[in-house]
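Work through the following exercises with the sequence and the model at hand, and try each task before reading its solution.

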Amino acid sequence: MVTAFAPASVGNITVGFDVLGMAIANPGDEVTVQFNDRKEVRIVEITGDGGKLPLAAEKNTATVAIISLLQHLGSEQGMDVTIHKKMPFGSGLGSSSASAVAGAYAANELLGAPFTKNELITFALDGEAIASGGRHADNVAPCMLGGITLIRGYNPLDIITLPVPDNLHCSVIYPEIEILTKAAREILPKEVPMKDAISQIGNIAGFVSALYQNDLALLSRCMSDTLAEPYRATLLPDFEKVRNAALYGGALSFGISGSGPSMFAFSDSAAKAGQVGELMKKALDRQGVGNMVFVSKVNEKGVVII
Ligand code: HSE
């Protein structure tokens with residue numbers, strides 16, 4: 001029997017729509033796998049989902065990832081799968097990716113690790129695709145590999161792990177409202193004005209440069225998004241209030257985590273990140289919106305066996 005923990009992740013990191021993502025320390029999902037003799041992958045239990053997730057193996061991101069892995073091996077081995085959802089879903093924290101990654105990684109370990117983490121990403125993406133309707137890897141890749149990852153290209157998949165500045169800390173707030181990734185993708189324009197593309201290109205290049213140079217002032221200057229945030233912020237009633245609270249607290253940046261509703265801020269120390277988290281929380285508390293705050297450094301390990 002093998003259990004894997006896969007962490008939550010922040011997709012896009014403001015400047016890298018569909019191409020940048022990072023793992024955070026917690027929350028995360030746990031998936032346990034063990035062999036059965038039924039030649040079938042089946043879900044025996046899901047905890048922590050309030051009964052909302054389907055038990056059918058072909059509908060769950062964890063089991064779809066495991067089935068994809070087994071098919072790739074040409075194996076008919078059956079597995080019993082238990083999923084412990086330990087993070088909110090529909091939250092913009094990569095919950096569907098975390099289950100897919102934990103499932104693929106645990107199954108791989110049980111089989112004697114025939115695949116590397118990089119190879120497992122494709123199977124986890126098959127799982128992710130059934131939840132989000134797309135094969136974007138900005139949650140799956142950092143969740144699997146840890147750290148800050150850049151998806152340089154999708155065809156073929158070309159993933160680069162970027163350096164993480166020592167003092168970079170992250171505060172994430174999840175407001176208890178639901179935004180479906182599909183809906184948050186549909187409101188985006190199909191084409192962007194040249195001036196917006198130019199601004200985004202400059203900022204993502206500056207961001208990558210800032211990571212290599214350990215330059216958090218440069219990083220802060222780069223964290224603005226012309227592609228998604230202007231449209232998606234309209235789905236978040238308290239976006240401006242939380243943003244103001246984070247910046248007042250001294251955050252280096254503020255933006256939407258993935259497709260939302262979670263939002264995140266970077267800070268240059270643990271103390272500041274804690275303070276920023278508290279101020280963001282107070283801003284939502286004042287609006288009567290239930291919320292959860294997670295403060296950590298970037299998680300450089302990614303998925304692990306526990
Ligand atoms: N890059 C994706 C998006 C992440 O922004 O739609 C979804 O979590």
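**Exercise 1: the ligand shell**

List the residues around the ligand and sort them by character. The residues near the ligand (a heavy atom within 4 Å of it) are Asn-12, Phe-17, Asp-18, His-136, Asp-138, Asn-139, Thr-181, Arg-185, Arg-232, Gly-258 and Ser-259. This is a predicted model, in which local features need pLDDT of at least 70 and side-chain atom pairs pLDDT 80 or more, while totals for chains, interfaces and linings use all residues. Residues are numbered from 1 along each chain as its sequence is written, and side-chain values use heavy atoms, without hydrogens and water. Sorted by character, with Asp, Glu, Lys and Arg as charged and Gly among the polar residues, the shell holds one nonpolar, six polar and four charged residues.

**Exercise 2: polar contacts and cover**

Find side-chain polar contacts of the ligand, meaning pairs of N or O atoms within 3.5 Å. Begin with Asp-18, whose side chain places an N or O atom 2.5 Å from a ligand nitrogen. Continue with Arg-232, where a side-chain N or O atom is 2.7 Å from a ligand oxygen, and with Asn-139, where a polar side-chain atom lies 3.2 Å from an oxygen atom of the ligand. Finally, of the 260 Å² of accessible area (Shrake-Rupley, 1.4 Å probe) that the ligand has on its own, the protein covers 97%.

**Exercise 3: the domains**

Where does the ligand lie relative to domain 1 and domain 2? The domain assignment, automatic or from a database, gives domain 1 (2-162) and domain 2 (169-297). Both domains give residues to the shell, so the ligand lies between them.

Note on methods:
Polar contact = N/O pair within 3.5 Å; in protein donor to acceptor, adjacent residues only side chain to side chain.
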